[in-house]
Amino acid sequence: MDTTQERTEAQNLPFDVFAKACPSRGTLEHVTGRWGGLTLGALYDGSLRFNELRRRVDGVSEKMLSQTLHALERDGLVHREAQPTNPPRVDYELTPLGRGVAERLLTLIHFVEGQMDDVLEARQRYDETRGAR
């Protein structure tokens, strides 16, 4: 598909993330926020319990992970399944929509990881010329 056709199709979309009131903006924030993207990426390989997920997403607080999971569940990206056991068992997994989003995020994550030598060099050059803040 050429760029003209892509632009025409994009103009026909009913949602526009660049518009302040568009509901897609909130979902984009949930997906691309620090914890949302990492949570979706962590769930890509399969379902995890809350504490397993918290260990996988190193550095996230219990409160932030809980809020992130609620937002992603509300957006239809994560499925929460509570088992009626004692103690209760809750598993989280990606929905088909969440899986599609996670695939795209992981492509970006892997690209960024692969470019970190260049990023670190750029940071060093920047800091040397502008002074570290």
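In which strand does Leu48 lie? In this predicted model, Leu48 belongs to strand E1, and that residue offers a convenient point of entry to the sheet and then to the helices.

**Leu48 and its surroundings**

Leu48 has a relative accessibility of 18%, and because residues under 20% are classed as buried, Leu48 counts as buried. Leaving aside residues up to four places away in sequence, Leu48 touches Ala42, Leu43, Leu53, Val90, Asp91 and Tyr92. A separation of 32 residues in sequence lies between Leu48 and Arg80, whereas their C-alpha atoms are 9.9 Å apart in space.

**The sheet**

The three strands form an open sheet in the order E1-E3-E2, and their pairing is antiparallel. Strand E1 (48-49) and strand E2 (78-83) are the edge strands, each with a single partner, so one side of each has no neighbour in the sheet. The two pairings are set out below.

| Strand pair | Sense | Bridges | Residues standing opposite |
|---|---|---|---|
| E1 and E3 | antiparallel | two bridges | Arg49 and Asp91 in E3 |
| E2 and E3 | antiparallel | six bridges | Val78 and Leu94 in E3 |

Strands E2 and E3 are also linked along the chain, by a hairpin that passes through five residues. As a general point, side chains in a regular strand alternate between the two faces of the sheet.

**The packing of H2 and H3**

Two packed helices are described by the angle between their axes and by the distance between those axes. For helix H2 (residues 23-32) and helix H3 (residues 34-43), the angle is about 70 degrees and the axes are 4 Å apart; H2 and H3 are therefore roughly perpendicular to each other. On the H2 side the contact is made by His30, Val31 and Thr32, and on the H3 side by Arg34, Gly36, Gly37 and Leu40. By class, the residues of this contact comprise two nonpolar, four polar and one charged.

**Helix H6 and what covers it**

How many residues does helix H6 have? Helix H6 (residues 96-114) has 19 residues, and the distance from its first C-alpha to its last is 27 Å, close to the 27 Å expected at 1.5 Å a residue. Within H6, the residues Gly98, Gly100, Ala102, Leu105 and Leu106 are buried. Among the elements that cover these buried residues of H6 are H2, H3 and strand E3 (89-94). Strand E3 thus reappears here, having already been described as paired with E1 and with E2.

Technical notes. Residues are numbered from 1 along each chain as its sequence is written. This is a predicted model: local features need pLDDT of at least 70, side-chain atom pairs count only at pLDDT 80 or more; totals for chains, interfaces and linings use all residues. Side-chain values use heavy atoms; hydrogens and water are left out. Axes are lines fitted to C-alpha atoms, for helices over the stretch in contact, and angles run from 0 to 180 degrees between N-to-C directions. Angles under 35 degrees count as roughly parallel, over 145 as roughly antiparallel, 65 to 115 as roughly perpendicular and the rest as oblique. Contact means heavy atoms within 4.5 Å. Ala, Val, Leu, Ile, Met, Phe, Trp, Tyr, Cys and Pro count as nonpolar, Asp, Glu, Lys and Arg as charged, and the others, Gly among them, as polar. The expected span of a helix is 1.5 Å times one less than its number of residues. Buried means under 20% relative accessible area, exposed over 50%, partly exposed in between (1.4 Å probe, protein chains only). Two strands pair if DSSP finds at least two bridges between them.
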